[in-house]
Amino acid sequence: FFSILFIGCDNWIEGYDDDPNSSSEASIDNLLTASQVNIFNFSENHLARTVAIWLQQMAGTDRQYKSLGLYTIEENDYSSSWQSVYINGGLKDLRLIQSMADSKGLKGARYKGIAQIMEAYLIGMAASIWGDIPYTQVLNESVENPQLDEQSQVYNIVQFLLETAIQNLESDTTLVPHNDMFYNGDIEKWRAAAYTLKARYYMHWVETDISYCDSALASANKGISSLDGNMKALHGTESSEQNMWYQFEQDRSGYMVAGANLINLLRDNNDPRLAIYYSENNAGSVVGANPNGDPQGKSNLNDEFFGADASIDIVSFEENLLIQAECQYRLGNENEAQLMLQSAQTATEEKWV
């Protein structure tokens, strides 16, 4: 009797958790959305805050951020950043997008090109931060412990990947992503961003070989040519859409405040960016903390420019101009360098108006 009862129950509950309205796999557009949101996260998360603290633009003043301000880090502090590179919308999903694009033939070429640019951004930045990283073997399921590829090798692959992406963008197909949060499917802007990324990664090697400046300048000349072409994160005022700098200040108040070093530098030079970067404290002053200092009475980032729905640049026109300025200077062309530097300053001022 009991065996019959249990068999009957098993048949009765079989499939109870199957949702007929749930898709068994994500569409290429859904994967693209997830991967772009992942890049928002990677660009604004713990890594970005670390750089701001170590450059003393901000000051770590409580809990683990107090330790971070003293250059004390733990092995797993950046695990979420590594996950952003490889999973959770990272390399694994970007490769899936590329595979799905291939299945569409020429119609999928632009999807593939966009995914390749996003891969180049994540992998190139990971190599610039950590040096040697796993890449060529990382998605090979037969390899239990993927080897670390040398930083120089990763950069070479990324440059080739960007060249291939640009070729894919030049496909004459009209099929473009409908939910592209960076450029709304504008292929010309994607192409320009790819060239600026090429210039960025060439610049990372100019100190070892000045000839990389020629390659950087050639790429930058085809790169982002106006503020309208900036590749930036998209945010809204809803809690799930907010700028991560803003979210962090709301959720972890006192962990990190304005850095005294940059505030003093801006004030000493009568630099108008002081009021753009930082807000006034309750006493009506802009005050920063020293590393490991007291957060009480100190300023935070300006809510107008770093508020809930503020967009953060990921690849920008100003960067493209500054790359040209530095290369021209390194090549001994000081007049051209000064012109590019002035153009970058003008663009920055225009952005903040």
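In which crossing does α6 pass α7, left-handed or right-handed? The crossing is left-handed, and the points below begin with this pair of helices before turning to the rest of the predicted model.

1. Helices α6 and α7. Helix α6 covers residues 91-103 and helix α7 covers residues 109-130, and the two pack at an angle of about 160° with their axes 9 Å apart. Because angles over 145 degrees count as roughly antiparallel, α6 is described as roughly antiparallel to α7. On the α6 side the contact is made by Leu91, Leu94, Arg95, Ile97, Gln98, Ala101 and Asp102, while α7 contributes Tyr111, Lys112, Ala115, Gln116, Met118, Glu119, Leu122 and Ile123. Sorted by class, the residues of this contact are 9 nonpolar, 2 polar and 4 charged.

2. Leucine 96. This residue also lies in helix α6, and with a relative accessible area of 40% leucine 96 is partly exposed. Between the C-alpha atoms of leucine 96 and valine 143 there is a separation of 19 Å, the two residues being 47 residues apart along the chain.

3. Helices α7 and α9. The axes of α7 and α9 come within 11 Å and cross at roughly 25°, an angle to be read against the rule that values under 35 degrees count as roughly parallel; α7 and α9 are therefore roughly parallel to each other. Their crossing is left-handed. From α7 the residues involved are Arg110, Ile114, Ile117, Met118, Ala120, Tyr121, Gly124 and Met125, and these meet Ile187, Trp190, Ala194, Leu197, Arg200 and Tyr201 in α9. The residues of this contact divide into 11 nonpolar, 1 polar and 2 charged. Met118 deserves a remark, since Met118 is listed in the contact of α7 with α6 and again in the contact of α7 with α9.

4. Helices α9 and α10. Helix α9 (residues 187-203) and helix α10 (residues 212-220) have axes that come within 8 Å and cross at roughly 165°, which makes α9 roughly antiparallel to α10. This crossing, too, is left-handed. The contact is formed by Tyr195, Lys198, Ala199, Tyr202 and Met203 of α9 together with Tyr212, Ser215, Ala216, Ser219 and Ala220 of α10. By class, 7 of these residues are nonpolar, 2 are polar and 1 is charged.

5. The nonpolar cores. The largest nonpolar core holds 82 residues, and the members that touch the most other members are Tyr121, Ile123, Trp190 and Tyr278. Helix α7 supplies the largest share of this core, namely 12 residues. Apart from this core lies another one of 10 residues, among them Ala199, Met203, Ala216 and Ala220; these four residues are also listed in the contact of α9 with α10.

6. Tyrosine 121. Leaving aside residues up to four places away in sequence, tyrosine 121 touches Ile39, Phe42, Ser43, Leu197, Arg200, Tyr201 and Ile314. Of these partners, Leu197, Arg200 and Tyr201 are among the α9 residues that meet α7, and Tyr121 is itself among the α7 residues of that contact.

7. Positive phi angles. Two residues other than glycine should be looked at when the backbone is reviewed, glutamine 56 with a phi near 60° and asparagine 184 with a positive phi of about 50°. Glutamine 56 is found in the loop between α3 (46-54) and β1 (58-60), and at 27% relative accessibility glutamine 56 counts as partly exposed. Asparagine 184 lies in the loop between α8 (151-169) and α9, and with a relative accessible area of 62% asparagine 184 is exposed.

8. The chain as a whole. The protein chain contains 15 helices and 6 strands, and along its principal axes the C-alpha trace spans about 90 × 50 × 40 Å. Of the 353 residues in the chain, 46% are buried. Among contacts between residues at least 6 apart in sequence, 72% join residues at least 24 apart.

Terms used. Residues numbered from 1 in each chain as written. Predicted model: local features only at pLDDT ≥ 70, side-chain atom pairs only at ≥ 80, totals over all residues. Heavy atoms only, no water. Axes fitted to C-alpha atoms, helices over the stretch in contact; angles between N-to-C directions. Parallel < 35°, antiparallel > 145°, perpendicular 65-115°, else oblique. Left-handed = near helix turned anticlockwise from the far one by under 90°. Contact = heavy atoms within 4.5 Å. Nonpolar A, V, L, I, M, F, W, Y, C, P; charged D, E, K, R; others polar. Core = buried A, V, L, I, M, F, W, Y, C linked by side-chain atoms within 4.5 Å. Buried < 20%, exposed > 50% of the residue type's maximum accessible area, 1.4 Å probe, protein only.
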